[in-house]
Amino acid sequence: NPKVEPATLTSDVEYVRRIYFDVNGRPPTPVQVDSFLRDRAKDKRARLIDSLLGSPQYARNWANYWREVIMFHATSDNLGRVRVDELEDWMAKRLQANTPWDVIVSGLITATGRNDENGAVAFSLAHETKPVELAGEASRIFLGVQIQCAQCHDHKTDAWKRRQFHEFAAFFAGVGTNPVGAREKGQPPVIEVVAKGSRRYLMPDMDNPAKQIPIAPRFFLAGSKSNPAPALPEGLAVTERRAIAASYITGQDNPWFAKAFVN
């Protein structure tokens, strides 16, 4: 808006404090503040950002943030199975390596393996690998869309229908867990997330809860109301369905993914 006058440029004293908090999650030391204030180079702010983004503190700070976001609505009663520390370590390594956000999210959505070897499986374990829980959280965290209200009925304040929710949840069917070996004394259990069980997804009938309606996966943000995206063909493997879900969520033609990350 041309009528809105932009704020004035912040001072170096304010800037150095803000950028340390935003990137590293901690204030600068007096020595760091003094060094920045004495620097007369015109690009010192950009150089400071690059320096902080390359530090281990940046990766650990934002890994901690995303761990909290992912675990915020965890439904598992036994968080020892989740191994939250492994999730944070997994995320920190990828942030430190400057891994693109779409690659990180795809890794979380498609992860299989042991919870002591692949921290990304914490996303599934936090919700006991239940399709309806994973669908709601994938939409909330990675798209900024609160579709979980449509699990039981058409959304009261938004456009999403109950069938659209369950079509999205169908992408997450067919994944379960296996215990791995004996639990060591004082250590959390070792759990493996695997593709197993039926790929067939069933939605409870609203009029007759004893009746189950087969639902094929379909992404609720693809296509339009008059021309919706096609449902997935039958016969796809569980891993293929999750990979397709990840591609829909993180696709460059999906503005919701970018908006959620920026926000």
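Reader: Which residue in S3 is the bridge partner of Asn178?

Author: This is a predicted model, and its strands S2 and S3 can be followed by residue number. S2 covers 175–179, while S3 covers residues 191–195. The two strands pair in the antiparallel sense over five bridges. Within that pairing, the partner of Asn178 in S3 is Glu192.

Reader: Which residue in S3 is the bridge partner of Arg114?

Author: S1 spans 113–114. S1 and S3 run antiparallel and are joined by two bridges. For Arg114, the bridge partner in S3 is Glu192.

Reader: Which residue in S3 stands opposite Pro179?

Author: S2 and S3 pair in the antiparallel sense. Asn178 has Glu192 as its bridge partner in S3. Opposite Pro179, in S3, stands Ile191.

Reader: What is the order of the three strands in the open sheet?

Author: S1 and S2 are the edge strands, and each of them pairs on one side only. S3 is joined to S1 by two bridges and to S2 by five bridges. The pairing in the sheet is antiparallel, and the order is S1-S3-S2.

Reader: At what angle do helix H4 and helix H8 pack?

Author: Two numbers describe a pair of packed helices: the angle between their axes and the distance between the axes. H4 takes in residues 56–71 and H8 residues 131–143, and their axes lie 10 Å apart. H4 passes H8 in a right-handed crossing. The packing angle is about 145 degrees.

Reader: How do the residues of the contact of H4 with H8 divide into nonpolar, polar and charged?

Author: From H4 come Trp66, Val69 and Ile70, which meet Glu137, Arg140 and Ile141 in H8. By class, these contact residues are four nonpolar, no polar and two charged.

Reader: Which helix gives the most to the lining of the largest pocket?

Author: The largest pocket has a volume of about 470 Å³. Its lining has 20 residues, and Tyr65, Trp66, Ala260, Phe261 and Val262 are the closest to its centre. At least two lining residues each are supplied by H4, H6 (101–110), H8 and H11 (255–262). With five residues, the helix that gives the most is H4.

Reader: How many residues of the lining of the largest pocket are nonpolar?

Author: Trp66, which meets H8 from H4, is also among the residues closest to the centre of this pocket. The lining includes four polar and two charged residues. The number of nonpolar residues is 14.

Reader: What volume does the second largest pocket have?

Author: This pocket is lined by 14 residues, with Gln164, Phe220, Ser224, Lys225 and Pro228 nearest its centre. The lining divides into seven nonpolar, three polar and four charged residues. The volume is about 360 Å³.

Conventions. Residues numbered from 1 in each chain as written. Predicted model: local features only at pLDDT ≥ 70, side-chain atom pairs only at ≥ 80, totals over all residues. Heavy atoms only, no water. Axes fitted to C-alpha atoms, helices over the stretch in contact; angles between N-to-C directions. Helix = DSSP H or I, 4+ residues; strand = E, 2+ residues; numbered from the N terminus. Left-handed = near helix turned anticlockwise from the far one by under 90°. Contact = heavy atoms within 4.5 Å. Nonpolar A, V, L, I, M, F, W, Y, C, P; charged D, E, K, R; others polar. 1 Å grid on protein atoms, 1.4 Å probe; cavity = no way out; pocket = protein on both sides within 12 Å on 5 of 7 lines; lining within 4 Å. Points joined across faces, edges and corners; volume = space filled by probe spheres on them. Pairing = 2+ DSSP bridges.
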